[in-house]
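Here's a quick briefing to read alongside the model. Keep the picture open and look up each spot as it comes up.

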Amino acid sequence: MFFLIEYDRPRGTIVELREFDPASRQLAEDARLQLELDLNRRGVDHEIVILDAPNKEALLRTHSRYFESVAEMVHGSPQVQALIAETNKLPLEHEG
Amino acid sequence: MLYSESVEGHNVEEASADSVGPTFVNLLSKTQVDQLGGRLRKGSVAEGDLQQLDAYRRSFAGAYDEVVAIIRDTTQLEPTGRPAKSTTSIIEKLRRETIRLSQMQDIAGCRVVVDNILVQDQVVERLRGALPKAIVVDRRKQPSFGYRAVHVIASVRNKLVEIQVRTELQHVWAQMSEQLGDLVGPAVKYGGGDADAQQILARISRATASFEEKGSLTSVPELVGGIGQFLKYAIEKLIASAKPEGGS
């Protein structure tokens with residue numbers, strides 16, 4: 001799947017997300033160009049990117065920056081949660 | 001059949017593609033590609049430049065597809081990718097560095113995230129086997145402003161494709177860095193900008209490295225503390241700028 005994302009960096013929000021099936025890369029690229037030209041004419045500074053992933057779940061894992069707040073990102077990571085759990089097991093002299 | 005071209009002996013960022021692909025951008029010479037980069041670096045972007053850049057990026061499609069297929073075959077992992085770097089990121093990189101557009105190694109790239117550094121090493125070795133002339137950049141040994149990962153730079157069909165191999169913790173750090181870059185400015189990702197944000201990212205990076213590479217549990221509180229500090233800082237910045245916390 002191809003995902004065309006219009007992202008407002010300062011606001012940290014996705015303005016638009018469009019999905020294209022794997023055979024429609026050219027359509028996605030055409031849509032990207034049209035969107036870039038349109039935003040450029042209107043003086044809108046958004047990031048436009050095409051991402052490629054087998055499904056949206058995979059995209060959420062590897063490109064969570066676009067989809068999650070910082071808190072969601074950290075709390076959603078099993079490894080980070082495991083680290084926090086390890087902290088609770090440490091002896092007192094290791095607590096910082 | 002894989003066609004892999006050696007870029008050994010070159011500085012990674014200087015390894016350049018000799019042609020610009022099968023689309024109409026073939027009409028552009030390497031010099032013209034770099035002239036396009038020069039115009040993008042300077043400021044306002046003309047429609048013709050956006051169209052040229054679009055065509056240049058599309059010329060990486062074949063190489064990108066081939067590299068993704070190699071990753072699937074050799075690692076049984078399913079990468080996610082960015083077949084072409086965004087205009088915003090290209091312009092930022094051109095302005096941040098002295099690099100020419102034709103030298104940019106990450107126009108096309110993809111990423112795999114694995115559980116830990118043992119698996120990371122195994123994946124890198126398999127990729128090295130499948131792409132024997134690729135360049136491996138181990139940013140665990142030499143972090144780039146706190147960024148740790150292993151990058152495998154494949155050269156396929158005269159195009160460079162960057163494969164990012166990250167552990168989960170390295171990936172979380174990288175995503176934090178990106179989010180802070182969005183909040184306080186991208187300079188923070190490259191050793192500039194907001195000093196507090198830099199300090200927080202550096203702290204987490206150091207502790208992550210210690211935990212991953214030395215198995216040091218004493219680094220865990222430091223890491224968790226750093227993450228807590230990061231969350232507090234990021235939320236304060238979000239509130240201060242009245243920005244929503246989540247994406248859509």
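Let's start with a term: a salt bridge here is a side-chain nitrogen of Lys or Arg within 4 Å of a carboxyl oxygen of Asp or Glu. A:Arg65 and B:Asp182 fit that rule, with their closest N and O atoms 3.2 Å apart. Bear in mind that this is a predicted model. The rest of the briefing goes from chain B itself to its meeting place with chain A, and then to some pairs worth finding on screen.

**Chain B on its own**

- Chain B is built with eight helices and five strands.
- If you walk along its sequence, the pattern for chain B reads α-α-α-β-α-β-α-β-β-β-α-α-α.
- Chain B has 248 residues, and 56% of them count as buried.
- Take the contacts in chain B between residues at least 6 apart in sequence: 66% of these join residues at least 24 apart.

**Where chain B meets chain A**

- How many residues of chain B are in contact with chain A? There are 53 on the chain B side, and they touch 54 residues of chain A.
- About 4800 Å² of area is buried between the two chains, with carbon and sulfur atoms giving 55% of that.
- Polar contacts turn up here too: 26 residue pairs across the interface of chain B and chain A, both partners at pLDDT 80 or more.
- Several elements of chain B give two or more residues to the side that touches chain A, among them helix 2 (47–58), strand 1 (80–84), helix 4 (87–96) and helix 6 (168–184).
- Sort the residues on that side of chain B by type and you get 24 nonpolar, 14 polar and 15 charged.

**Strand 1 of chain B, with partners in both chains**

- Is strand 1 of chain B mostly covered or mostly open? Mostly covered: five of its five residues are buried.
- Within its own chain, strand 1 of chain B pairs with strand 2 of chain B in the antiparallel sense, over three bridges.
- Strand 3 of chain A (residues 47–52) also pairs with strand 1 of chain B, in the antiparallel sense and over two bridges.
- Look for B:Gly81: its bridge partner from chain A is A:Asp52, and it also stands opposite B:Cys110 in strand 2 of chain B.
- At another spot in strand 1 of chain B, B:Ala84 stands opposite A:Ile50.

**Salt bridges between the chains**

- Side chains of opposite charge can pair when their charged atoms come close.
- The count over all chains is 29 salt bridges, and eleven are between chain B and chain A.
- Back to the pair from the start: A:Arg65 sits in the loop between helix 2 (56–62) and helix 3 (70–75) of chain A, while B:Asp182 sits in helix 6 of chain B.
- Both partners are buried, A:Arg65 with a relative accessible area of 7% and B:Asp182 with 11%.
- A:Arg9 and B:Glu92 form another cross-chain salt bridge, and their closest N and O atoms are 2.5 Å apart.

**Salt bridges inside chain B**

- Why does the salt bridge between B:Arg100 and B:Asp34 tie together parts 66 residues apart in sequence? B:Arg100 lies in the loop between helix 4 and strand 2, and B:Asp34 lies in helix 1 (residues 30–42), so the pair links those two parts of chain B.
- The N to O distance in that pair is 3.5 Å; B:Arg100 is partly exposed at 42% relative accessible area, whereas B:Asp34 is buried at 17%.
- B:Asp54 and B:Arg58 meet in a salt bridge as well, at 2.8 Å from N to O.
- Both lie in helix 2 of chain B, four residues apart, about one turn of the helix.
- B:Asp54 counts as buried at 3% relative accessibility, and B:Arg58 does too at 16%.
- Salt bridges that share partners also join a group of residues into one network, including A:Arg9, A:Arg65, B:Glu92 and B:Asp182.

**One more residue to find: B:Arg140**

- You'll find B:Arg140 in the loop between strand 3 (135–138) and strand 4 (150–156) of chain B.
- B:Arg140 counts as buried, with 15% relative accessibility.
- Its side chain makes a polar contact with the side chain of B:Gln120, at 3.0 Å.
- Beyond its neighbours within four places in sequence, B:Arg140 is in contact with residues including B:Ile117, B:Asp121, B:Gln170 and B:Glu213.

How values were computed
Residues numbered from 1 in each chain as written. Chains lettered and ligands numbered in written order. Predicted model: local features only at pLDDT ≥ 70, side-chain atom pairs only at ≥ 80, totals over all residues. Heavy atoms only, no water. Contact = heavy atoms within 4.5 Å. Buried area = accessible area lost by both parts, 1.4 Å probe. Polar contact = N/O pair within 3.5 Å; in protein donor to acceptor, adjacent residues only side chain to side chain. Nonpolar A, V, L, I, M, F, W, Y, C, P; charged D, E, K, R; others polar. Pairing = 2+ DSSP bridges. Buried < 20%, exposed > 50% of the residue type's maximum accessible area, 1.4 Å probe, protein only.
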